[in-house]
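Me: I would like a close look at a single part of this model, with the cut-offs behind each term spelled out.

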Amino acid sequence: MEKLAVIATSPLFEMLAPPELARLAELARLYRYADGEVVFEEGDLGDSLFVIVRGQVEVVRRGNGNGTKPLTVLGPPEFFGEMGLIDKDHRSATVRALGEVELLQLTAQDLRTFRLAHAEGFTFIVVNIARNLSARLRDANARLAPPD
């Protein structure tokens with residue numbers, strides 16, 4: 001797996017120049033998770049985002065009882081965890097591996113380092129995060145109040 005190839009296909013990094021993509025590949029760290037292993041728990045402090053390299057993850061929230069409620073399943077080249085970088089708040093959901101999963105992680109510090117050398121590329125990342133959050137909000141709105 002070449003980190004640069006994964007980063008270049010992720011919607012998170014659309015519109016970035018090749019040198020910017022290469023720098024992000026240098027900063028990113030690869031993690032592997034086994035089936036059912038938790039990437040992060042609802043309530044954890046969010047300080048990084050993840051790009052899915054291989055496999056799928058399930059996003060769940062705690063239910064009113066003891067169980068969890070599935071929200072979505074994500075696969076390559078999708079990303080998750082970005083909300084914690086934007087609002088510096090606790091994770092709103094738990095993410096766990098469905099089968100074996102490989103993820104690239106970028107921390108808030110990695111993105112600060114990237115911003116210092118690539119301000120324009122950093123702006124594109126923020127715009128891409130905003131687009132993704134907007135799409136998720138529209139989807140949630142449609143599920144909560146479908147059009148007549």
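Is Arg54 buried, exposed or partly exposed, and what is its relative accessible area? Please go on from there to the salt bridges around it.

Reply: This is a predicted model, in which local features need pLDDT of at least 70 and side-chain atom pairs count only at pLDDT 80 or more, while totals for chains, interfaces and linings use all residues. Residues are numbered from 1 along each chain as its sequence is written, and side-chain values use heavy atoms, with hydrogens and water left out.

Arg54 is partly exposed, with a relative accessible area of 38%, where buried means under 20%, exposed over 50% and partly exposed in between, for a 1.4 Å probe and protein chains only. Arg54 forms a salt bridge with Glu102, and the closest N and O atoms are 3.6 Å apart; a salt bridge here is a side-chain nitrogen of Lys or Arg within 4 Å of a carboxyl oxygen of Asp or Glu. Because Arg54 lies in strand β3 and Glu102 in strand β6, the pair ties together parts that are 48 residues apart in sequence. Helices (H or I, at least four residues) and strands (E, at least two) are DSSP runs, numbered from the N terminus. Glu102, in contrast to its partly exposed partner, is buried, with a relative accessible area of 9%.

A second pair connects these strands: Glu58 forms a salt bridge with Arg96, with the closest N and O atoms 3.1 Å apart, and this pair links distant parts of the chain, Glu58 being in strand β3 and Arg96 in strand β6, 38 residues apart. Here Glu58 is buried, with a relative accessible area of 16%, whereas Arg96 counts as partly exposed at 25% relative accessibility. Salt bridges that share partners also join Arg32, Arg54, Glu100 and Glu102 into one network.

The structure holds nine salt bridges, and one of a more local kind in sequence is that of Arg23 with Glu26, whose closest N and O atoms are 2.9 Å apart. Being three residues apart in helix α2, Arg23 and Glu26 are separated by about one helical turn; Arg23 is partly exposed, with a relative accessible area of 26%, while Glu26 counts as exposed at 56% relative accessibility.
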